[in-house]
Amino acid sequence: MRAQDSTSERTIAESRLRSLTGSEGAPFSAGVPESFQAFRAAAPALDPGRPGLRVLLALGAAAVLVAGFLLWRAQPVPEPLPDPAPLASATPATTPTTKVTVHVAGKVREPGVYPLPTGSRVQDAITAAGGIRRGAPLGTLNLARRLVDGEQIMVGAPAAEPGSAAAPEAAVIDLNAATLDQLEQLPGVGEVLASRIVDFRTSHGGFTSVDQLREVSGIGTRRFEEIKPKVRI
């Protein structure tokens, strides 16, 4: 009796299993999705094997190298800073302050005493005094002559007669105080000879007499006689 019951239960179970699979001879995998079955069927074809794996690894390494190179190239390149601008000197540029003071008189528009830069000419002094009056004669006035400190420039004065006092512009200069420009106004004295006179004055502590000019190189007897009336100690 028990054997019959066991056989009956077995028959019922097989019948139920056949109803689940849909047919008696169909495999159990009929209930698996088709996409999974296709993947399992294609899996052997996707295996590259050892040679294919090596190629894939080489391509991956090359891709990493290219990406690293591109990243390195993309980095910003630091630009050098410009050179700092030179600082302006805190000391202002000094301008020559040496001046000569002259008295401009005669037939000028504004007679008076005028300070002018060293090296100025008679023309500069007349211009500072407003210029010459209309119709006034210049006479023998040398407009290109350099000015001497303390002199008087008489515009329109008649020429001095022989034996009369020296003209105002023919001022006598002090050998121990004269500048290079003033020494160059002496007859026959140029830039080189004026420098020698100053060097002699410096090395000897000043002139003690006008006759010491004879000891300066370049001043002979004739030139000394021309200079002597125009200098003093």
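The protein has 7 helices and 5 strands. Along the sequence they follow the pattern α-α-α-β-β-α-β-β-α-α-α-β. The model is predicted. Of its 233 residues, 20% are buried. Among contacts between residues at least 6 apart in sequence, 45% join residues at least 24 apart. About 17,200 Å² is exposed, and carbon and sulfur atoms supply 58% of that area.

**Nonpolar cores**

The largest nonpolar core holds 20 residues. Leu 183, Ile 197, Leu 213 and Val 231 have the most contacts inside it. H6 and H7 each supply at least two of its residues. H6 gives the most, with 5 residues.

Val 231 shows how this region is packed together from separate stretches of sequence. Leaving out residues up to four places away, Val 231 touches Val 172, Ile 173, Leu 175, Leu 186, Val 210 and Leu 213. Leu 213 is thus a contact of Val 231 and is also listed with it among the residues with the most contacts in the core.

Another core lies apart from this one. It has 14 residues, among them Val 100, Tyr 114, Leu 147 and Val 155.

**Ala 105 in strand S1**

Ala 105 sits in strand S1, residues 99–106. Is Ala 105 buried or exposed? Its relative accessibility is 9%, so it counts as buried. Beyond its neighbours within four places in sequence, Ala 105 is in contact with Pro 111, Gln 152, Ile 153, Met 154 and Val 155. Strand S3 spans 152–155. Val 155, one of these contacts, is also a member of the 14-residue core. Ile 126 is 21 residues from Ala 105 in sequence, and the two C-alpha atoms are 9.0 Å apart.

**Salt bridges**

The count comes to 5 salt bridges. Three of the pairs are tabulated here.

| Pair | Closest N to O distance |
|---|---|
| Glu 151 and Arg 145 | 2.9 Å |
| Arg 146 and Glu 184 | 3.3 Å |
| Arg 232 and Asp 174 | 3.9 Å |

Glu 151 lies in the loop between helix H4 (122–128) and strand S3 (152–155). Its relative accessible area is 1%, so Glu 151 is buried. The partner, Arg 145, is also buried, at 17% relative accessibility. Their side chains make a polar contact at 2.9 Å.

What does the bridge between Arg 146 and Glu 184 tie together? Arg 146 is in the loop between H4 and S3, while Glu 184 is in the loop between helix H5 (180–183) and H6, so the pair ties together parts 38 residues apart in sequence. Arg 146 is partly exposed at 22%. Glu 184 is partly exposed at 23%. Both residues belong to a network of salt bridges that also includes Asp 181.

The side chains of Arg 232 and Asp 174 meet in a further salt bridge. Arg 232 lies in strand S5 (residues 231–232) and Asp 174 in strand S4 (residues 173–174), so this pair ties together parts 58 residues apart in sequence. Arg 232 is partly exposed, at 43% relative accessibility. Asp 174 is partly exposed too, with a relative accessible area of 21%. Strand S5 also holds Val 231, one of the residues with the most contacts in the largest core. Val 231 touches Ile 173, a residue of strand S4.

**The loop around Gln 212**

Gln 212 lies in the loop between helix H6 (191–203) and helix H7 (221–227). Why does Gln 212 count as buried? Its relative accessibility is 14%, and buried means under 20%. A polar atom of the Gln 212 side chain lies 2.6 Å from the backbone nitrogen of Thr 208. Not counting residues up to four places away in sequence, Gln 212 touches Phe 200, Gly 206 and Phe 207. Phe 200 falls within helix H6.

**A nonpolar surface patch**

Which residues make the nonpolar surface patch? Val 66, Phe 69, Leu 70 and Trp 72 form it, and it covers about 450 Å². Leu 70 is found in helix H3, residues 49–74. With a relative accessible area of 53%, Leu 70 is exposed. Val 66, Phe 69 and Trp 72 also fall within the residue range of H3.

Technical notes. Residues are numbered from 1 along each chain as its sequence is written. This is a predicted model: local features need pLDDT of at least 70, side-chain atom pairs count only at pLDDT 80 or more; totals for chains, interfaces and linings use all residues. Side-chain values use heavy atoms; hydrogens and water are left out. Helices (H or I, at least four residues) and strands (E, at least two) are DSSP runs, numbered from the N terminus. Buried means under 20% relative accessible area, exposed over 50%, partly exposed in between (1.4 Å probe, protein chains only). A polar contact is a pair of N or O atoms within 3.5 Å; within protein, one must be able to donate a hydrogen and the other to accept it, and residues adjacent in sequence count only if both atoms are side-chain atoms. Contact means heavy atoms within 4.5 Å. A nonpolar core is a set of buried Ala, Val, Leu, Ile, Met, Phe, Trp, Tyr and Cys residues joined through side-chain atoms within 4.5 Å. Patches are made of residues with over 30% relative accessible area and no salt bridge: like charges are joined within 9 Å, nonpolar side chains (Val, Leu, Ile, Met, Phe, Trp, Tyr) within 5 Å. Accessible areas come from the Shrake-Rupley method with a 1.4 Å probe; for residues, only the protein chains shown count as cover. A salt bridge is a side-chain nitrogen of Lys or Arg within 4 Å of a carboxyl oxygen of Asp or Glu.
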